[in-house]
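Colleague: I would like to go through the aromatic rings in this model. Please give the rule each time you use a term.

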Amino acid sequence: MRPDPLRSKAVLSDLAGADAPLGRRRVLGLGAALAGSLAFGSKPATAGPAQASPPADAPWSQSIGAGVVDRPYGRPADTEASVIRRNVPWLTASAESSVSFSPLQDLHGIITPNGLFFERHHAGRPDIDPAQHKLMIHGLVERPLLLTMKDILRFPQITRIHFIECPANGGMNWRAAQMNSLQFSHGMVSCAEWTGVRLSTLLEEVGVKKEAKWAMVEGADGAHMNRSLPLDKCLDDCLVVYAQNGEALRPEQGYPLRLVVPGWEGNVNIKWLRRIKLGDKPWHSREETSKYTDLMPDGTSRGFTWLIDAKSVITFPCPEKPLDGPGLYEIRGLAWTGSGKIRRVDVSMDGGVNWQTARLHEPVLSKALTKFTLPWRWDGRPALVASRVIDETGYVQPTIAELRKQRGSNSIYHNNSIQTWQVKSDGSVFNVQLA
Amino acid sequence: MFSSRKICLVIVAILLAAGGLAGAAEPGSFGYGRVASPAQIAGWDIDVRGEDGAGLPPGKGTVDRGADVYAEQCAACHGTFGEGEGRFPKLVGGVGSLRDERPEPTVGSYWPFAPTLWDYINRAMPMSAPHTLSADDVYALTAYILSLNDLVPNEFVADRNSLPKVKMRNRDNFIWTDPRPDTMAKPCMNNCVNAADVRLSSTAEGRDLTPRTTGPLDTMQSK
C-alpha cells in the first residue's frame, strides 16, 4: 500500500501553514484520504487537522503508512528538504574547485550525517571504482607496498570520532561580519566516526628507514592533491579510513579511501588517498606555499600552520533560528580544538561584559565536536550572545580584535575568533563584530 | 617420506612464524599487499620537491614554445598574459602588494619555489584534463609563466637543472614553523569590559552577500 501522493501534499500544506486551509488541494487531499480509508474497510476520518482539538487524530494517525524498504536506503522527512549542504556561488571560480557548507543550524548532535558533511574539492569529486583503487607506500621504506582495498580491509581496524575543519572556515569574517548565516559563517566544520587502519600500522608494515622525517600524501583526484606531513604526526594518530559513521565513505568524502589527520586543517586530510611517500624533507607543494599559508601584516607568511586552534559557536539562536518572543530558552552550541579536549565553554549575553559557564554534554572527546548548553530567560531586550572555549592546554578562544592585532586581516585562514550574534527585540538574529 | 614440496611448505611456515614472533616493527609482518616494483613506483612517482627540484624528470622547454602551449591550454581561464579571467587565479602581478590592504599573491609576488610551479602544472593542469601534458610542455609552460613575471629572460630554457636556480621574489619570506598560540587571553568572567564601550564594528545585516538557507539551492550571481 503506497501513500497517496495527493494526501501527502495536503499534509505538507497543512504543516507549512497554508494560507487557505480549505483550498482545492486540501479538499482533494481529504477526499483521497477518505477513499484510502474506505478501501481498507475502516471508518472514514471525521476530523481533519483544521478542526483538531484534543483528543484528535491527524490523517497520518488514521491511515496505514508505507512499508519497510519503501525507501531502501532511507531519506529525511519531506519537510526537512531544506536541510542540505549549500554553497556560495560568488565565492569560487567553478563548482569543481569549491566548497559546500554543513547546515549546522539544523543539526543537533556532535555527529554530522554523511550527506551533510561539508565538501571541499580541488578538481571535482571523482567517482572511483574501489576494485581499481590502490594505495602505494614508498620512498624511504624497507619494503615499498602496493595495497588494494581488499588488502587494506584486512589490517586491524580502528574507530575514532574526529572533526574536520577547513582552515578557511570563517575566512569571510576576517575583515568584517559578512555572512548573515551560521551555515555560511561556520559550516566548513563537520564531525564523524571514522573507521579504518592506523597509518602507523601501515608504516610499520613497510618499515620506515631512519632518515625518513616527512610523508607526502597524495590523492587520486584530478588535482592529484598533495601535502607534506611530519612523520611524527603520521605515527601518532593519523588514520587511513574507508568508513564514515558506520558506512563506506561517501564519494564526496574520499571514497574509497582517505586520510584523517586529527585536529589538523581539513586540506591535509587527503581524500581519494592513493600514495604515501616518505622523505627527509617537506615537498613545499602548491597547496602548502601559495595556498593554506597565512600572510601576515608585515608581508611574511606562515607555512605549515596545520593546527586547528580552539573554536566555538552558538548554534541556537543564530541568524537562521531567531527567537519566538521573550521566555525561557536553551542556548546551544558546539566547541572544538585540535589540541585535544574541551575543558570549558563560557557564554555571554552582553557582548563579553559578563560570562557564565555552560554545561558540556558527554561525550567530550579529543579532537571532536563537543556540545554545550546554557538555559537563558530572554527578557525581550536586545542582546549580544557569544561563546568562548578553553581547551585542555589552557588556550582561550580570542576575540576578533585580539586575533587581528596579531595577524591583520589578510590571512584568510585560521579565524577561530569568538562569534557574536546580535539578538534584536523582535527576536531576529544577526552576525556582528564588536569593536 | 617428505616430498620436496612438503619441505618447502614447512620452511615457509617456519619463516612465517618467525615473522610473527618478530613483532609489528619488522616490515611485512602482516604480509598483505604486493611489494611495489621499481616500474610500478616509477609510474606513480610524480612529485617534485619545491626547494631543490628533486623529482624533476628529463626534458626541457623554451619561453616561446610555452607561449604557444599557454595560448592553447591556459589562456581561456588565466587570461592571455596571466591576468586571470573571471574568478580564475591571476598568474602575474601583485609584486610589492603583500603588505597592502588587498594583497595579490601570484607566482611572481608570492610563490617561493619555481619547481613547485612545474609540479602543480604537471599534477593538476589543465583543470579539465589534469596530468595530460608532456614533460616538455610543462617545462615550456613553466618557462613562459616565469618570463611573464620577469623572473627569467626570454631566452630562458627550463629543465631540471635551471628551474631550482630561479630566484623567486618571496623566497625568503616564509616561516616554516608555527609560532602559535599567538593570542594569550585570560578567561575573565565579570565586568570584563566596560559595558558602555561595547559597540558594533560591523554587521552582516543588509549586506546582501548571503545565499538563502531554505528552499532549493540559491544560484545567486557573482557579487
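Modeller: What follows is a short talk about ring pairs and burial.

Modeller: This is a predicted model, where local features need pLDDT of at least 70, side-chain atom pairs count only at pLDDT 80 or more, and totals for chains, interfaces and linings use all residues. Residues are numbered from 1 along each chain as its sequence is written, chains are lettered from A in the order in which they are written, and side-chain values use heavy atoms, without hydrogens and water.

Colleague: Why is the pair of A:F117 and A:W194 called edge-to-face?

Modeller: Rings of Phe, Tyr and Trp (its six-membered ring) pair if their centres lie within 6.5 Å; planes under 30 degrees apart are stacked, over 60 edge-to-face, and the rest tilted. The centres of A:F117 and A:W194 are 5.5 Å apart and the planes stand at 80°, so the pair is edge-to-face. By this rule there are 18 aromatic pairs over all chains.

Colleague: What makes A:W194 count as buried?

Modeller: Buried means under 20% relative accessible area, exposed over 50%, and partly exposed in between (1.4 Å probe, protein chains only). A:W194 has 0% relative accessibility, so it counts as buried. A:F117, at 1%, is buried as well.

Colleague: What kind of pair do B:Y70 and B:Y144 form?

Modeller: A tilted one: the B:Y70 and B:Y144 rings are 5.2 Å apart centre to centre, with 55° between the planes. B:Y70 and B:Y144 are both buried.
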